[in-house]
Amino acid sequence: MCVAIPGKVLSVEGTMAQVDFKGNTVNVNVGLIDPKPGQYVLVHAGCAIEVMEKDKAEEIIELFAELEA
């Protein structure tokens, strides 16, 4: 089973973006979509596959936090 995780876009340069995952900043390929800083993206295997609504992204992040606890 594969899991995609939402993160917040901090900056975009070309087809790469800096994305924040609960304080961890990761380089993510955004070549499939066109995100803007401040938006949330769904990331799978280092590639952003969808721009998400903030509310939905935060809901999923909260669910993952509950699973970790």
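**Exercise 1.** In which helix is the place of Asp55? Then find the charged patch that Asp55 belongs to.

*Solution.* Keep in mind that this is a predicted model.
- Step 1: Asp55 sits in helix H1, which covers residues 54-68.
- Step 2: Check its exposure. Asp55 has a relative accessible area of 62%, and exposed means over 50%, so Asp55 is exposed.
- Step 3: Look for its partners. Together with Glu53, Glu59, Glu62 and Glu66, Asp55 forms a negative surface patch.

**Exercise 2.** Take Lys22 and work out where this residue lies, and whether it is buried or exposed.

*Solution.*
- Step 1: Lys22 is found in the loop that links strand S2 (16-21) and strand S3 (24-29).
- Step 2: Its phi is near 50 degrees, a positive value in a residue other than glycine.
- Step 3: With 55% relative accessibility, Lys22 counts as exposed.

**Exercise 3.** Now do the same for Ala45: which loop holds this residue?

*Solution.*
- Step 1: Ala45 belongs to the loop between strand S4 (40-44) and strand S5 (47-52).
- Step 2: Phi of Ala45 is near 55 degrees, again positive in a residue other than glycine.
- Step 3: Ala45 counts as exposed, at 70% relative accessibility.

**Exercise 4.** Turn to the inside: which residues make up the largest nonpolar core?

*Solution.*
- Step 1: The core has 10 residues: Val9, Ala17, Val19, Phe21, Val28, Val30, Ile33, Val41, Val43 and Ala48.
- Step 2: S2 and S4 are the elements that give two or more residues to this core.
- Step 3: S2 supplies the largest share, 3 residues.
- Step 4: For background, nonpolar side chains tend to be buried together in soluble globular proteins.

Key
Residues are numbered from 1 along each chain as its sequence is written. This is a predicted model: local features need pLDDT of at least 70, side-chain atom pairs count only at pLDDT 80 or more; totals for chains, interfaces and linings use all residues. Side-chain values use heavy atoms; hydrogens and water are left out. Patches are made of residues with over 30% relative accessible area and no salt bridge: like charges are joined within 9 Å, nonpolar side chains (Val, Leu, Ile, Met, Phe, Trp, Tyr) within 5 Å. Accessible areas come from the Shrake-Rupley method with a 1.4 Å probe; for residues, only the protein chains shown count as cover. A salt bridge is a side-chain nitrogen of Lys or Arg within 4 Å of a carboxyl oxygen of Asp or Glu. Lys and Arg count as positive and Asp and Glu as negative; His and the chain ends are not counted. The place of a charge is taken as NZ of Lys, CZ of Arg, CG of Asp or CD of Glu. Helices (H or I, at least four residues) and strands (E, at least two) are DSSP runs, numbered from the N terminus. Buried means under 20% relative accessible area, exposed over 50%, partly exposed in between (1.4 Å probe, protein chains only). A nonpolar core is a set of buried Ala, Val, Leu, Ile, Met, Phe, Trp, Tyr and Cys residues joined through side-chain atoms within 4.5 Å.
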